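Good morning, and thank you for the opportunity to present. Please look at the sequence and the structure together while I speak.

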Amino acid sequence: MEHKEISKAVLKRLPGYLSYLRDVPQSAGPYISATALANALGMGEVQVRKDLATVSDGGRPKIGYLRSALIDDIEQFLGYDNTTDAVLIGAGKLGQALLGYRGFESYGLNILAAFDIAPPLRRSEGSKPILPMEELAGFCHSRKILMGIITVPAEQAQGVCNQLIAAGIKAIWNFAPTHLEAPEHILVQNENMATSLALLSMHLRAQIKGNTE
C-alpha cells in the first residue's frame with residue numbers, strides 16, 4: 001500500500017503495537033481486530049484503527065487483520081526489515097550493556113562497534129570491538145554509517161554529537177541526560193530516563209494515595 005503521511009505521535013505508538021502482536025500466542029488464532037488490540041493496550045479503538053490504517057490496508061470488517069501480515073506491514077513501515085548499521089559512543093556500563101544486547105537485531109539495528117576515549121585492552125572472545133575515538137570518522141565514512149548512539153556523561157555529549165555529525169551521522173539516539181544542539185536535518189531522539197522515572201513515580205504516588213483514601 002502507499003503509506004500516508006504520519007505524525008511523530010503515531011510513529012511512537014507503532015513499536016508498541018508490533019511488540020504486542022509478536023507476543024500474541026499462536027493459540028489465539030491468526031486474526032486480530034483493532035478492538036482487541038485497543039483493549040489489550042488500554043487505548044481507544046478509533047485511535048488504533050487510524051494508526052493501523054496508515055501502515056496497512058489489510059483490515060477486514062468483522063474479521064480484523066491477519067496478524068502475521070500486519071506484523072510484516074508495521075516492520076516494513078518502520079524499516080525493521082532492513083538492517084541499520086550504527087556505532088555507539090561511550091563504553092561504560094550502559095554502553096557495554098547496549099553493545100551486547102541481542103534484541104536490537106529484531107528491530108533491524110546492528111551496532112557494529114563502540115568507541116571510547118579509553119577503550120579496554122582486553123575483550124571477551126566474540127564481542128564487538130571497542131575502538132579509540134580517533135578511529136570514529138574513518139570507521140563511519142568507510143562503512144557509510146548513518147546512526148550513532150550516545151552513552152557518555154552529559155558534559156561530554158555535545159562534543160560527541162558534533163563528532164558524529166562531522167563523521168556523516170544523520171540520526172542520533174541520545175542516552176545522555178542533556179539537550180543536544182544539532183542541525184535541522186539531523187534527527188536526535190532523546191532517551192530521557194529521568195522523565196520516565198518521574199512518570200513512574202507519579203503513577204505510584206497516585207496509586208498509593210488512592211489506596212489510602
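Let me begin with a question: is Cys140 buried or exposed? Cys140 is buried, with a relative accessible area of 1%. I should say at once that we are looking at a predicted model, and that the values I quote are computed from it.

Let us stay with the cysteines for a moment. A disulfide is a covalent bond between the sulfur atoms of two cysteines. How many disulfides does the model contain? The count comes to zero. For Cys140, the nearest cysteine sulfur is that of Cys161, and it lies 13 Å away. A disulfide requires the two sulfur atoms to be within 2.5 Å, so a pair at that distance does not qualify. Cys161 is likewise in no disulfide, its nearest cysteine sulfur being that of Cys140. Cys161 also counts as buried, at 0% relative accessibility.

I turn next to the charged side chains. How many salt bridges are counted? The count is three salt bridges, and I shall take them in turn.

In the first that I wish to show, Asp51 pairs with Arg13, and the closest N and O atoms are 2.7 Å apart. This pair connects distant parts of the chain, since Asp51 belongs to helix 3, residues 45-53, while Arg13 belongs to helix 1, and 38 residues separate them. Please note the surroundings of each partner: Asp51 is buried, with a relative accessible area of 1%, whereas Arg13 is partly exposed, with 24%.

The next salt bridge joins the side chains of Glu75 and Arg22, at 2.6 Å from N to O. Here, too, distant parts of the chain are linked: Glu75 is in helix 4 and Arg22 is in helix 1, 53 residues apart. Glu75 counts as buried, at 18% relative accessibility. The cut-off for buried is under 20%, so a value of 18% falls within that class. Arg22, by contrast, is partly exposed, with a relative accessible area of 28%.

The remaining pair is Glu45 and Arg49, whose side chains meet in a salt bridge at 2.7 Å, N to O. Where do these two residues stand relative to each other? They are four residues apart in helix 3, and therefore separated by about one helical turn. Glu45 is partly exposed, at 32% relative accessibility, and Arg49 is partly exposed as well, at 43%.

Let us now move to the surface. Which residues make the nonpolar surface patch of about 280 Å²? They are Tyr31, Ile63 and Leu66. Of these, Tyr31 is placed in strand 1, residues 31-32, and is partly exposed, with a relative accessible area of 45%.

Finally, I should like to describe the largest pocket. Its volume is about 1,200 Å³. The lining of the largest pocket comprises 28 residues, and those nearest its centre are Leu11, Tyr80, Met147, Leu187 and Gln189. Which elements give two or more residues to this lining? Among the helices, they are helix 1 (8-23) and helix 4 (67-78). Among the strands, they are strand 3 (84-89), strand 7 (171-174) and strand 8 (187-190). You will recall helix 1 and helix 4 from the salt bridge between Glu75 and Arg22.

That concludes my presentation, and I thank you for your attention.

Terms used
Residues numbered from 1 in each chain as written. Predicted model: local features only at pLDDT ≥ 70, side-chain atom pairs only at ≥ 80, totals over all residues. Heavy atoms only, no water. Buried < 20%, exposed > 50% of the residue type's maximum accessible area, 1.4 Å probe, protein only. Patch = residues over 30% accessible without salt bridge, like charges linked within 9 Å, V, L, I, M, F, W, Y side chains within 5 Å. Areas by Shrake-Rupley, 256 points an atom, 1.4 Å probe, with all protein chains shown as cover. Salt bridge = Lys/Arg side-chain N within 4 Å of Asp/Glu carboxyl O. 1 Å grid on protein atoms, 1.4 Å probe; cavity = no way out; pocket = protein on both sides within 12 Å on 5 of 7 lines; lining within 4 Å. Points joined across faces, edges and corners; volume = space filled by probe spheres on them.
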